[in-house]
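Colleague: I have a complex open on my screen and would like to learn how to read it. Could you take me through it, feature by feature?

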Amino acid sequence: MIKRATILLTLVLLGFLFLQMVVGYVPSSTLNPISRHYVASGPDELGAANIVTAVLVTYRGLDTLGEVAVLFISAAGVGLMLRRRTGEKAEEKQRRPSSELVGTAIHFLLPLIFVLGIYIFINGHLTPGGGFQGGAVLASGIMLLLLADPDTHLNHTIVHLLESVSGFGYVVVGVLGLVFAGGFLDNRFLDLGTFGELFSAGAMPIIYVFIGLKVGTELSAVLERMKD
Amino acid sequence: MMLLLISTVLCIGIIVSALLAVHLGNTVSAAISAGMASLFAAIIYLVLAAPDVAMTEAAIGSGLTTVIFLYSIRRTLTDGTKEPPEK
Amino acid sequence: MSLSIEGASLPILVLTSGFIVVLIGLWGMMSRRNIIQIIIGFSLTDTGIHMLIVAVGYLHGRTAPIIDAAVDRARAVEMVVDPIPSALVLTAIVIGLGVTALMLSYAIQIYKKNGSLLIDECSELKG
């Protein structure tokens, strides 16, 4: 009873605070100065058509590096908590094999999903998308594989190798930007090319390829670890 | 006007799904309802002119998060045949 | 440019819904006993906060911040919404997934040790 009253009181107080925030809110009608600078000089300086990508990868690139690090720490934590300790063996459940319809559909759909994921992160600087979205689509493809055939095991060597190489490659590209161009994760050490082409915007596609592969393999490893 | 109507329907959908997610007793239904709230939120992000966020929320929020919840619910089912481990 | 009633109400609608979903998630976190239902409440709070941030970045009548055939380069400053909240929310969604996965793996370990998922039975830290 006391607990319920406390919860209700907390929610009412928070609701009152939120109400004060909503009532006086006037939506702005022009961009604030930082966004104006990013939108006005992003395409000229960096050669990217997708301004959100330009913000994520170059203007705020260090935050993205921190985010990749946080994702790595959480994946390592999941792997640590759910490891198989000595003396425990894997649970042997009697699983029904999946039907032939599901198996055939997976064989047809899985390459298409992988191609879609790779397309999304390769074209991250031109169309909506990018590394995180492409990586999530790749992990969804792996999730489909795990759901359809519960006895599949991913090849751990390839997954670990891809993940480590992508993470390391991302930092190497950042350091190359420091050595050859303006600063860490500057993308101008490669030629900026013509605006709107696939091979333009300097090192931005390369950075996004590394991020996409890293996020995709990491989420697949987390999914497989949580399955059993 | 039409856009505002669609957005109102979607926001009501998000709030109803969220209420279902915290109110249902069956944990599997609650997890699926939370995934539904994420899906409606992805459509709202499209209306708000943020396509990158919409793609990310649809793939991660209503795909991977729901599946992770269902996997962990499966691993923590109390079936009657298994003895609880020693304290 | 004056704000018509229609221009102002879409962000305010999504802002209000975001705050309500945050409150619902907090209520779920505080009043449930099953650990996995508490984590579902946390995930709902995350979704609500992301809706808030994207709603703040919306400007009336403008389109997505991508320069292509619809938005040309010279006049882009008057035609696009704010790109910074989108970038922030992208990062936040992925980190939310990582944190949720970590919390669920802790829940699985607690179940293996205690035999049940209720937080009333986790008594190691009680005096």
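Modeller: Happily. This is a predicted model, so confidence is a good place to begin. Chain C has an average pLDDT of 87, and 92% of the residues score at least 70.

Colleague: Which elements of chain C have the lowest and the highest mean pLDDT?

Modeller: H1(C) has the lowest, at 88, and H2(C) the highest, at 94. As a general caution, where pLDDT is low, the predicted coordinates should not be read in detail.

Colleague: What does chain A average, and which of its elements mark the two ends of the range?

Modeller: Chain A averages 87, with 96% of the residues at 70 or above. Among its elements, helix H2 (residues 33-46) of chain A has the lowest mean pLDDT, 87, while helix H1 (residues 2-23) of chain A has the highest, 93. For the complex, the predictor gives an ipTM of 0.88 and a pTM of 0.90.

Colleague: On to the fold. How many helices and strands does chain A have?

Modeller: Eight helices and zero strands. The radius of gyration of chain A is 23 Å, whereas the globule rule gives 17 Å for 228 residues, so chain A is more spread out than a compact globule. Its C-alpha trace spans about 60 × 60 × 40 Å along the principal axes.

Colleague: What share of chain A is buried, and what share of its contacts with a separation of 6 or more joins residues 24 or more positions apart?

Modeller: Buried residues are 38% of the 228 in chain A. Residues 24 or more positions apart account for 66% of those contacts.

Colleague: And how do the elements of chain B run?

Modeller: They run α-α-α from the N terminus on, with three helices and zero strands in the chain. Of the 87 residues in chain B, 51% are buried. For contacts in chain B with a separation of 6 or more, the share from residues 24 or more positions apart is 47%.

Colleague: Now the interfaces. How many residues of chain C are in contact with chain B?

Modeller: 45 residues of chain C are in contact with 41 residues of chain B. On the chain C side, helix H1 (5-31), helix H2 (35-56) and helix H3 (83-114) each supply at least two residues. H3(C) gives the most, with 14 residues. By class, this side divides into 27 nonpolar, 14 polar and four charged residues.

Colleague: Which elements of chain C give two or more residues to the side that touches chain A?

Modeller: First the totals: 41 residues of chain C are in contact with 39 residues of chain A. The elements you ask about are H1 and H3 of chain C. H3(C) gives the most here, with 16 residues. The classes on this side are 30 nonpolar, eight polar and three charged.

Colleague: How should I think about a nonpolar core?

Modeller: The general idea is that in soluble globular proteins, nonpolar side chains tend to be buried together. In this model the largest nonpolar core has 117 residues, and those touching the most other members are A:Val55, A:Ile207, B:Ile44, B:Tyr45, B:Leu48, B:Leu64 and C:Ile40. Helix H8 (residues 204-227) of chain A gives the most to this core, with 13 residues.

Colleague: What does B:Leu64 touch, not counting residues up to four places away in sequence?

Modeller: B:Leu64 touches A:Ala136, A:Ala139, A:Ser140, A:Met143, A:Leu219 and C:Leu97.

Colleague: Let me try a single polar residue. Why does B:Ser38 count as buried?

Modeller: B:Ser38 counts as buried because it has 24 C-beta neighbours inside 10 Å, and the cut-off is 20 or more. B:Ser38 lies in helix H2 (residues 27-47) of chain B. Beyond its neighbours within four places in sequence, its contacts are B:Glu57, B:Gly61, B:Ser62, B:Thr65 and C:Thr47. B:Ser38 and B:Thr65 are 27 residues apart in sequence, with their C-alpha atoms 9.6 Å apart.

Colleague: One last feature, the backbone angles. What is phi of B:Ala49 near?

Modeller: The background is that most residues other than glycine have a negative phi. Phi of B:Ala49 is near 65°, a positive value in a residue other than glycine. B:Ala49 lies in the loop between H2 and helix H3 (51-75) of chain B. With 22 C-beta neighbours inside 10 Å, B:Ala49 counts as buried.

Key:
Residues are numbered from 1 along each chain as its sequence is written. Chains are lettered from A and ligands numbered from 1 in the order in which they are written. This is a predicted model: local features need pLDDT of at least 70, side-chain atom pairs count only at pLDDT 80 or more; totals for chains, interfaces and linings use all residues. Two residues are in contact if their C-beta atoms, placed from the backbone, lie within 7 Å. Helices (H or I, at least four residues) and strands (E, at least two) are DSSP runs, numbered from the N terminus. Ala, Val, Leu, Ile, Met, Phe, Trp, Tyr, Cys and Pro count as nonpolar, Asp, Glu, Lys and Arg as charged, and the others, Gly among them, as polar. pLDDT is the predictor's confidence in each residue, from 0 to 100. A residue is buried if 20 or more other C-beta atoms lie within 10 Å of its own, exposed if 12 or fewer, and partly exposed in between; C-beta atoms are placed from the backbone. The radius of gyration is taken over C-alpha atoms; the globule rule is 2.2 Å times the number of residues to the power 0.38. A nonpolar core is a set of buried Ala, Val, Leu, Ile, Met, Phe, Trp, Tyr and Cys residues joined through C-beta atoms within 7 Å.
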